[in-house]
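Here's a short tour of some local details worth a look on screen. Have the sequence and the model open side by side as you read.

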Amino acid sequence: MHGSPYPQCLSDLSYIINAAAAAASVRNRQGIFLTCPPARSPTGRRRRRPTPSITTNSSTIIVVALLASLLGASSQLPGVRAAATTSSYSEACDAQYENVETPVELTSGETIVREIEANATQRWTYSTYNLTTMSRNDTDRKLLISLEPCYGSVFLFVRKNIGCHPDPYSCIDLETGKRDASACRRTHFMSVIDGSRDGAPTFFQISLSSTRYFISVYATTNSRYSLTVLDDVGAWPRRGDDGIVNADATQDYKVMLNWAVPTYFPEGVAETSVFYIYAVRLTESDVVTSDVVFLNQGKILNTVCGLANITDRPNDIVGIGQCDTSCNATLTGIENGATYAFNVVAESTSGFKMAYSGVTLQMAWSETSSVSVPARRLLETTGIPLDNKGMQVAGAVLGSVLGMVGMFGMVLLRLSS
């Protein structure tokens, strides 16, 4: 095209695609350019075009920008010539800090567990060039990102495609108390950082519309966390009935738990394999400090990572064959007068786990008869925050439906997410 700043070789679509694919295979993401071969030889005959080559020689280079960025290569804007820049895309981003670690590449389905200090940031990248994944329907082509604190409080920041990680320090300052989500730079998706969900897990399912994702994990306190990125989202269990676990005292020293089975979307990728049942005896110092953390930032019982942090094994395992639309499990050895936290973890046939919301129960039992005491349960649904006012204490119940006099039981029941 007359007057076009681009060399003739860029009009050959197959040449551009091959060049962009070659660029995407290079791990050094900055200064990746394509050298175009001459269109004709001195004799006027067209030469055979060689395989596209990668070079960082700024005197003979042009940028393959759009397709290269789609394939995960350099994100530099299109141009005829550009000087070779820094050797690392993280170095090319401004506002570098001492307490920010070097980015590490994640793979789909991999779960990373790391410790992190307060006011520190750990960086991750995720790439996918799987044509089978990218050719799915829009409703099925999703990316799942799960950040679970084992203890402490961590936030997730995600930027797609463009090679600079999100900058948590642009919107969080622990010294001044600043927390302004609107000020977060280079961020497309992020946790709630206003203090209302500190210590809670972050779970994203977003459209898989890019081949590159840049992830920053920031901690407000010394913490440990697990991070999972998954593009085959149908393998992940979605807890049933908003993760509610019901607990009933059936006999002296016995408690029966009930919960709904998980769902999967899209269906047909995986199904539930087993459930792990946990019973944790609590102390007087174990108090609930947040509506969204079960129990608190020091003892988190509504994440798989948190349960693994404070227990060495589950108290029971229930196979999916023992369930229909819901499951039951009876735990024995529950001491009278003690307070326990109970929770359930579902595992899919693909090996992915998700924790339910959990329940605490304290019981004083004087007879083997069961007393049904109504309790108001807290539900965490989309757009509706939990409310501590939903806690209801059911006190002493005198007598039974048969008119027998005496104290059958006293139950204190609290459900929390």
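The side chains of Ser127 and Glu105 are joined by a polar contact of 3.0 Å. A polar contact here is a pair of N or O atoms within 3.5 Å; within protein, one must be able to donate a hydrogen and the other to accept it, and residues adjacent in sequence count only if both atoms are side-chain atoms. Keep in mind that this is a predicted model, where local features need pLDDT of at least 70, side-chain atom pairs count only at pLDDT 80 or more, and totals for chains, interfaces and linings use all residues. Residues are numbered from 1 along each chain as its sequence is written, and side-chain values use heavy atoms, with hydrogens and water left out.

Ser127 sits in strand β5 (residues 121–127); strands (E, at least two residues) and helices (H or I, at least four) are DSSP runs, numbered from the N terminus. What does Ser127 touch, not counting residues up to four places away in sequence? Glu105, Thr211 and Arg212, with contact meaning heavy atoms within 4.5 Å. Ser127 is also buried, at 17% relative accessibility. The cut-offs for that are under 20% relative accessible area for buried, over 50% for exposed and partly exposed in between (1.4 Å probe, protein chains only).

Now for some backbone oddities. Asn161 and Arg186 each have a positive phi without being glycine. Here's how the two look:

| Residue | Phi | Loop | Relative accessibility |
|---|---|---|---|
| Asn161 | near 75 degrees | between β7 (154–160) and β8 (172–173) | 23%, partly exposed |
| Arg186 | about 55 degrees | between β9 (178–179) and β10 (189–190) | 12%, buried |

There are cis peptide bonds to check, too. One runs from Phe265 to Pro266, with omega near -5 degrees, and Pro266 is in the loop between β15 and β16 (272–281). Another runs from Phe294 to Leu295, with omega near 10 degrees, and Leu295 belongs to strand β17 (residues 295–296).

Last stop, a sheet. Three strands make up an open sheet in the order β14-β15-β20, with antiparallel pairing; two strands pair if DSSP finds at least two bridges between them. β14 (245–251) and β20 (326–332) are the edge strands, each with a single partner, so one side of each has no neighbour in the sheet. Strand β15 (residues 254–260) and β20 run antiparallel and are joined by seven bridges. If you want a spot to zoom in on, Met256 stands opposite Thr330 in β20.
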